[in-house]
Amino acid sequence: MAAAMAAALAFTVAGCDDSSNDNKANVGNSGSSKATSPGKGQQSGSASQQGGSTAKLAEATGGGGMVLTINSVARDSGGFVTVSGQLRNPGSKSFNGTSDWAGTERDVLASGDSVAGATLVDKVGKKRYYVLRDTGGKCLCTMGISSVDAGQTVPFFAQFPAPPNGTKQVDFQLPTFPTLSVPVSG
């Protein structure tokens with residue numbers, strides 16, 4: 001688990017980009033959506049940056065035809081839950097609507113183009129959890145995703161406060177994608 005967290009943090013530091021993309025598309029929720037049941041995923045070159053996880057817990061197609069895959073939802077001993085996965089553009093054109101994933105919180109500017117708009121919902125405990133922030137307001141998540149080129153797969157992670165230990169399943173939400181129910185490990 002410590003190795004996965006170290007890899008995720010190393011990816012965050014390497015992926016930080018304070019530049020912004022002024023060519024932002026309005027993606028909305030007009031894309032088709034489908035959720036698949038848990039199963040084995042295809043291995044990709046980016047899996048090693050996510051702690052080696054290649055299992056496919058859930059997958060959905062969202063705005064612009066982008067595909068969201070959740071590979072792990074892992075609880076750690078520090079009281080956090082880290083969601084790791086991939087965002088894939090199976091289309092033939094570059095996807096520039098990534099700013100929609102940053103959410104609408106006041107700290108959006110600190111994280112820039114990121115997955116800071118993601119949330120976890122514990123339906124049993126009736127609580128919504130937001131991506132954690134550092135003291136500067138930056139999300140503890142993947143930042144610097146200004147676009148996703150045609151055929152490109154981008155690994156992502158987002159850290160949340162952990163729901164109670166009895167919570168075994170949560171709903172993951174990322175703007176422009178349908179809600180995905182995923183199991184929590186650990």
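**Exercise 1.** Leaving aside neighbours within four places in sequence, which residues is Ala118 in contact with? Keep in mind that this is a predicted model.

*Solution.* Start by placing the residue: Ala118 sits in the loop between helix H2 (108–111) and strand E7 (119–122). Next, check its surroundings. Ala118 has a relative accessible area of 0%, and buried means under 20%, so Ala118 counts as buried. Now list the partners: Trp101, Tyr129, Tyr130, Val131, Phe160, Phe172, Gln173, Leu174 and Pro175. As an extra, try Ala102: 16 residues separate Ala118 from Ala102 in sequence, and their C-alpha atoms are 7.7 Å apart.

**Exercise 2.** Work out why the pair Phe95 and Trp101 is stacked.

*Solution.* Begin with the tally, which gives four aromatic pairs. For Phe95 and Trp101, the ring centres are 5.6 Å apart and the planes meet at 25°. Planes under 30 degrees apart count as stacked, so that's the label this pair gets. Both Phe95 and Trp101 are buried. To finish, look for a wider grouping: Phe95 and Trp101 join Phe177 in one aromatic cluster.

**Exercise 3.** Classify the pair Phe160 and Phe172, then say which parts this pair ties together.

*Solution.* Distance goes first: the ring centres of Phe160 and Phe172 lie 6.5 Å apart, and the cut-off is within 6.5 Å. Then the angle: the planes are at 85°, so call the pair edge-to-face. Now locate the two rings. Phe160 belongs to strand E9 (residues 153–161) and Phe172 to strand E10 (residues 169–173), so the pair links parts twelve residues apart in sequence. Phe160 and Phe172 are both buried.

Note on methods
Residues are numbered from 1 along each chain as its sequence is written. This is a predicted model: local features need pLDDT of at least 70, side-chain atom pairs count only at pLDDT 80 or more; totals for chains, interfaces and linings use all residues. Side-chain values use heavy atoms; hydrogens and water are left out. Helices (H or I, at least four residues) and strands (E, at least two) are DSSP runs, numbered from the N terminus. Buried means under 20% relative accessible area, exposed over 50%, partly exposed in between (1.4 Å probe, protein chains only). Contact means heavy atoms within 4.5 Å. Rings of Phe, Tyr and Trp (its six-membered ring) pair if their centres lie within 6.5 Å; planes under 30 degrees apart count as stacked, over 60 as edge-to-face and the rest as tilted.
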